[in-house]
Amino acid sequence: MKTPTAGSLGPLADQAHVIIIGGGPGGAACAMALQRQAAQLGRRLQITILEGKDFHRERHYNQCAGVLSPPLPRLMEEELEVAFPHHLSRGAIDGYVLHSRRQALDLPETGEPSIALRRVQFDDYMLEQARQRGIKIWPARAVDLELHADKVVVYSENAPLEGDVAVGAFGLDEGTGAIFSRAAGYRLPSYLSSVVTKYHPGQEAMDRFGHRIHTFLPPVRHVEFGAVTPKGNHLTINIAGSSVDAPAMQTFLDLPEVRACLPGLHDLEHHQPNDLRIFKGRFPASLAHRFYGDRYVLIGDAGGLLRAFKGKGVTSAVLTGIRAARTMLQAGISQRAFAEHFRPANQDIIADMPYGHAMRRLTMLLSRTGQLDAVLDAARQQPALRTALFDAVSAHSSYREVVAHSMRPAIMAAVVQAGAHNLLRMPS
């Protein structure tokens, strides 16, 4: 292999400086992957992570539901040599319960369980792992960016930084997105809004609730899906849609099928002080525009690189951070290198997006027309459909695989038969 040249757009050379904007799981993973992969190639890099949030003192709430699923533990251990923080666990998730308006279908986990935890604690753990490996953490926000032929300049709140390449790992932060927009014509991906709250029903109620995530596809305007997730001593409740807000959350909480899952929710005497406080966030629903170019690349949510509709954002952020590191060290930091290596490496995510959007539209149609009951009825008789539904809600398989499994003639016939049966049962 030709020796990398300092200042070129080829593979990162010895002592090259990588500036990562964003110290969440994706940014931290990219930094640690760069350091580890460079060492394997006999190179040393300078790596700086800019992060203005204070994860350690938990001053910044993360709107993520905080459920981390396979293959994240394996990725961390094999690609980063970082132990998965099982000590942060607030309980293993052993399955899902999928609700329509009148029915509920139990979908037990058959493989490695997911882990529920507080995202801010996981983010702090990942950033501390990077710090312990000698990666420089710059406690400031980026305020501007210049992309030059021979370098990048990142202006922060306290001092400018010069480097060879900039990695964007800032999620959907509009301020940082505007910096890349001015410098490179980047545009944030389209997104779905998310509203999150929590509720402490008491330990006895938590024990009855169990370790399954209850997911809902309600016929409520703007609410595309909702979930109730057990997190140790409380339940995290989230809804998502194109324009969900606090009133939409209240409408969701008032649904009979949701209230049945949340004992004592409307008994204000038993609420803790922070119960039902509303937090708002969002997650990508498309690829970002121009998410790579000469001397820059966007990973995770910032690039729109996550599983359509469902999310699985932490795993995607870590995975795309690792893939970006490999591209920069082996192929280069030019637009061409990212187009020919980084984009194809993420084709498993990109190619699945049309199937995810199709599933999203189909799910909303079934929910709005009341036909979701027929799907759940058919799933009780068809193990393959139950597997497909589990894969859809858990994000364990691609939507392409879910669609393929769902379109089998026997499954389609069972759904049609269940739908006809439900129509006959409806009052005239």
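Tutor: Let's start with handedness: a crossing is left-handed if the near helix is turned anticlockwise from the far one by less than a right angle, and right-handed if clockwise. Helices here are DSSP runs of H or I with at least four residues, strands are E runs of at least two, and both are numbered from the N terminus. This is a predicted model, where local features need pLDDT of at least 70 and side-chain atom pairs 80 or more, while totals for chains, interfaces and linings use all residues. Residues are numbered from 1 along each chain as its sequence is written, and side-chain values use heavy atoms, leaving out hydrogens and water.

Student: Okay, which hand does the crossing of H1 and H3 have?

Tutor: H1 passes H3 in a left-handed crossing. The axes of H1 (residues 25–40) and H3 (residues 119–132) come within 9 Å and cross at roughly 20 degrees. Those axes are lines fitted to C-alpha atoms over the stretch in contact, with angles from 0 to 180 degrees between N-to-C directions.

Student: And why is H1 called roughly parallel to H3?

Tutor: Check the bins: under 35 degrees is roughly parallel, over 145 roughly antiparallel, 65 to 115 roughly perpendicular, and the rest oblique. The crossing is at roughly 20 degrees, so H1 is roughly parallel to H3.

Student: Which residues meet there?

Tutor: Pro25, Ala28, Ala29 and Met32 of H1 meet Arg119, Phe122, Asp123, Met126, Leu127, Gln129 and Ala130 of H3, where contact means heavy atoms within 4.5 Å. By class that's 8 nonpolar, 1 polar and 2 charged residues. Ala, Val, Leu, Ile, Met, Phe, Trp, Tyr, Cys and Pro count as nonpolar, Asp, Glu, Lys and Arg as charged, and the others, Gly among them, as polar.

Student: How are H8 and H9 placed?

Tutor: The axes of H8 (residues 313–330) and H9 (residues 335–345) come within 9 Å and cross at roughly 150 degrees. That puts the pair in the roughly antiparallel bin, and the crossing is right-handed. Thr320, Arg323, Ala324, Thr327 and Met328 of H8 touch Ala337, Phe338, His341, Phe342 and Ala345 of H9.

Student: On to single residues: why is Tyr186 called buried?

Tutor: Buried means under 20% relative accessible area, exposed over 50%, and partly exposed in between (1.4 Å probe, protein chains only). Tyr186 has 2%, so it counts as buried. Tyr186 sits in the loop between H4 (174–184) and S13 (191–199). Beyond its neighbours within four places in sequence, Tyr186 has contacts including Phe170, Phe180, His289 and Leu298.

Student: What makes the pair of Tyr186 and Ala302 a polar contact?

Tutor: A polar contact is a pair of N or O atoms within 3.5 Å; within protein, one must be able to donate a hydrogen and the other to accept it, and residues adjacent in sequence count only if both atoms are side-chain atoms. The backbone oxygen of Ala302 is 2.6 Å from a polar side-chain atom of Tyr186.

Student: What stands out about phi in Gln15?

Tutor: Gln15 has a positive phi of about 70 degrees although it isn't a glycine. Arg295 has a positive phi near 70 degrees and isn't a glycine either.

Student: So is Gln15 buried, partly exposed or exposed, and which is Arg295?

Tutor: Gln15 has 41% relative accessibility, so it's partly exposed. Arg295 has 1%, which means buried.
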